[in-house]
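You asked for some notes to read alongside the coordinates, written for someone who is opening this entry without prior acquaintance. The points below take one part at a time.

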Amino acid sequence: MKKKKILVTSALLYVNGLPHLGHVVGCWLPGDVFTRYHKTKGNDVVYVSGTDDHGTTSYISAKEAGMEPSDYIASMNARMKEIAKKLSINFDIFSGTNTQTHHDVTIDFFSEIYKNGYTEVKESSMLFCEHDKIALADRFVYGICPNCGYDKAYGDQCDKCGATYELDALGSPKCAFCGKDAVKKSTKHIYISLDKIQPELQKWVESKKDVWRPHVYAMTNKWFKEGLKPRCITRDIPWGIKVPLKGFEDKVFYVWFDAPIGYISITKELGGDEMVKDRWQNPECEIYNFIGKDNIDFHAVFFPSMELACKKYNLATNVVGFNFLNFEGQKFSKSHKVGIFCDSLLHSDIDIDALRAYLVSIFPENKDSDFTYEGFKLNTNAELVGKYGNFFNRTLNMINKNFAGELEIDFDDIKDSLDENDKEMIEAINTLPTQIGELFEKTEFRMAYKEIMRFASIGNTYLEKTAPWTLIKNGDTTSAKKVLYLCLNMAKALAIVASPIMPNRTAEIWSEQLNFAGRPDDAEQWEDASKINIKKSHKVNLPKPLFARLDDEAIEKYKAEFSK
RNA sequence: CGCGAGGUAGAGCAGCUCGGAAGCUCGCCGGGCUCAUAACCCGGAGGUCACAGGUUCAAAUCCUGUCCUCGCAACCA
């Protein structure tokens with residue numbers, strides 16, 4: 001089978017602020033599960049992410065922390081890497097946009113757009129705060145909405161009526177920091193001519209109708225109804241990538257212009273021009289963007305438009321937009337301490353795989369979902385302990401107790417004595433791993449997880465129906481061995497198919513208990529999951545519980561730990 | 001007519017793309033099993049699929065209308 005080439009990106013996080021579970025659920029974890037699946041499947045996949053280091057907010061956060069922006073960014077980036085590692089998020093690279101490579105790639109990207117005639121210069125007025133000595137763009141200025149008259153409307157958008165407009169239109173603008181009147185100054189800015197790109201973009205979006213999640217497609221189409229307008233891509237702030245054009249030396253690119261280019265520059269940082277060519281300019285390579293719903297516009301409209309204007313890089317195969325995760329029925333909020341912020345996980349002894357499994361089971365794929373401690377406890381106890389872990393435990397225990405860990409048979413020895421139960425079991429092993437794989441491929445992670453648990457249930461039911469403990473008691477060791485041999489093969493399959501979600505526990509059971517070489521997520525192992533091929537001479541080790549049962553005390557402990 | 005999401009058993013949800021006997025998990029009731037972390041397996045009770053019209057041989061699923069709920073300052077996927 002031909003290896004696929006895949007590039008997976010996870011939304012770049014703003015550098016000011018550490019991720020909370022919402023970030024993990026919206027992009028880091030799905031991207032990771034997706035990447036791990038494809039690696040196990042034997043595909044050639046690369047997973048890139050990092051931090052978005054530019055923009056006014058980052059500049060201000062650094063100032064508040066009393067640090068130079070670069071130092072601030074480096075320290076935040078290091079902490080995020082630590083958190084990703086703790087969560088077993090396996091990025092091939094986690095970098096940022098504050099690198100020389102990124103500056104070079106961005107400037108080249110812009111130069112192409114410029115050369116291709118997709119930019120225009122417009123004279124517009126800018127707002128400046130004489131008191132804070134800062135240019136006030138977008139969300140750092142408020143005033144009266146030209147559409148509805150709301151007096152706390154932002155520079156580019158009114159949150160009350162949803163209207164968007166140019167800064168010029170805002171009435172009585174005031175500085176968001178000090179509240180003093182903002183002063184208008186005339187200035188030139190560069191715009192990207194989205195209106196010229198719309199027809200081509202629309203064609204691309206149309207081709208994704210059946211690939212994207214419905215809400216992603218719907219949100220994108222809204223833009224076309226209004227018609228795309230030229231969009232300003234430069235700003236008057238001191239922190240960012242300098243615009244390489246005469247007359248614009250004191251300006252930087254708008255953060256949302258350079259941030260998505262970060263996917264390309266970070267790829268370059270990882271593997272040089274070769275890899276950029278291989279992943280961004282090779283039509284064979286599939287590109288997947290994992291993002292939260294607030295990022296859909298940028299990944300489905302603006303960045304693809306930029307790419308079309310640049311004519312150098314391929315557009316995404318799928319923009320996988322996730323909805324939001326709530327926490328115990330409320331929105332995540334740093335200021336109100338609602339939610340789990342990942343730095344508090346760093347020193348916790350919480351079982352990361354159990355957490356990952358629960359999070360996958362509630363991925364907000366089609367609508368917002370809710371994290372609850374009760375749900376976490378239930379998922380761990382009922383699914384992971386009761387169904388999944390229990391199946392391994394039952395199987396291995398019986399093989400050890402009765403046959404000293406060695407069944408000394410293979411499929412050839414049993415193929416002529418199969419009854420209905422055995423055939424159903426074999427059918428499940430032969431078909432379910434492939435089906436589960438297809439769900440991962442379609443980014444239907446919740447369903448994939450559900451199917452894995454159903455798979456384990458089939459094993460438990462099979463044990464119940466065949467009752468090998470009774471067979472042994474009655475002296476029918478041949479039948480008992482047959483049953484346990486099939487169970488052992490299913491155990492192998494279960495370890496492989498769950499490995500993208502629970503990489504640590506499955507690796508543990510693979511080598512320590514099932515006594516196989518390597519790891520369940522080794523490259524090209526996925527196909528092996530549906531095969532019944534364990535060798536005659538294979539010997540398994542004694543089982544031990546895979547997951548710990550959670551009681552109320554444990555939950556209370558986590559609650560206290562994470563609410564700090 | 002601001003925008004978006006949603007209303008399916010006591011709770012939490014899936015099913016709606018491509019109409020065809022209402023499903024899953026938990027909880028509850030009863031039974032079985034004893035290999036297993038009091039885990040596992042089977043059976044049962046419980047629903048006018050928000051409401052009203054329409055299309056159809058057939059609608060949770062398609063169309064129209066109505067009602068209700070949630071989110072939309074900031075940090076923030």
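1. Before anything else, please keep in mind that this is a predicted model. The points that follow should be read in that light.

2. I would begin with helix 9 (residues 352-361), which is mostly covered, since 10 of its 10 residues are buried. These buried residues are Ile352, Asp353, Ala354, Leu355, Arg356, Ala357, Tyr358, Leu359, Val360 and Ser361. The cover over them includes helix 1, helix 3 (69-86), strand 17 (369-371), helix 10, helix 13 (445-466) and helix 16. At the N-terminal end of helix 9 there is a cap, provided by Asp351, a side-chain oxygen of which lies 2.9 Å from the backbone nitrogen of Asp353.

3. One of the elements covering helix 9 is helix 1, and the packing of this pair can be described in some detail. Helix 1 (residues 21-41) meets helix 9 at an angle of about 100 degrees, and the two axes are 10 Å apart. Because angles from 65 to 115 degrees count as roughly perpendicular, helix 1 is roughly perpendicular to helix 9. On the side of helix 1 the contact is made by Leu21, Val24, Val25, Leu29, Asp32, Val33 and Arg36, while helix 9 contributes Arg356, Leu359 and Val360. Sorted by class, this contact has 7 nonpolar and 3 charged residues, and no polar ones.

4. Arg36 also leads to another place worth inspecting, as it is among the residues touched by Ser499. Ser499 sits in the loop between helix 15 (477-498) and helix 16 (503-513). Is this loop residue buried or exposed? Its relative accessibility is 0%, so Ser499 counts as buried. Leaving aside residues up to four places away in sequence, Ser499 touches Arg36, Thr40, Thr506, Pro520 and Asp521. In addition, a polar atom of the Ser499 side chain lies 2.7 Å from the backbone oxygen of Ile496.

5. Turning to the strands, strand 15 (residues 318-322) is mostly covered, with 5 of its 5 residues buried. Asn318, Val320 and Phe322 point one way from strand 15, whereas Val319 and Gly321 point the other way, and all of them are buried. This can be set beside the general rule that side chains in a regular strand alternate between the two faces of the sheet. Strand 15 runs parallel to strand 14 (residues 285-292), to which 5 bridges join it, and within this pairing Asn289 has Val319 as its bridge partner.

6. Elsewhere, 3 strands in the order 8-7-9 form an open sheet with antiparallel pairing. Its edges are strand 8 (153-154) and strand 9 (171-175), each of which pairs on one side only. Strand 7 (residues 141-144) pairs with strand 9 in the antiparallel sense over 3 bridges, and Tyr142 has Lys174 of strand 9 as its bridge partner.

7. Finally, I would ask the reader to look at the backbone of two loop residues. Ala404, in the loop between helix 10 (373-403) and helix 11 (411-414), has a positive phi of about 55 degrees although it is not a glycine; with 51% relative accessibility, Ala404 counts as exposed. Glu524, in the loop between helix 16 and helix 17 (552-562), likewise has a positive phi, near 65 degrees, without being a glycine. At 51% relative accessibility, Glu524 counts as exposed.

Definitions and conventions. Residues are numbered from 1 along each chain as its sequence is written. Chains are lettered from A and ligands numbered from 1 in the order in which they are written. This is a predicted model: local features need pLDDT of at least 70, side-chain atom pairs count only at pLDDT 80 or more; totals for chains, interfaces and linings use all residues. Side-chain values use heavy atoms; hydrogens and water are left out. Two strands pair if DSSP finds at least two bridges between them. Helices (H or I, at least four residues) and strands (E, at least two) are DSSP runs, numbered from the N terminus. Axes are lines fitted to C-alpha atoms, for helices over the stretch in contact, and angles run from 0 to 180 degrees between N-to-C directions. Angles under 35 degrees count as roughly parallel, over 145 as roughly antiparallel, 65 to 115 as roughly perpendicular and the rest as oblique. Contact means heavy atoms within 4.5 Å. Ala, Val, Leu, Ile, Met, Phe, Trp, Tyr, Cys and Pro count as nonpolar, Asp, Glu, Lys and Arg as charged, and the others, Gly among them, as polar. Buried means under 20% relative accessible area, exposed over 50%, partly exposed in between (1.4 Å probe, protein chains only). A polar contact is a pair of N or O atoms within 3.5 Å; within protein, one must be able to donate a hydrogen and the other to accept it, and residues adjacent in sequence count only if both atoms are side-chain atoms.
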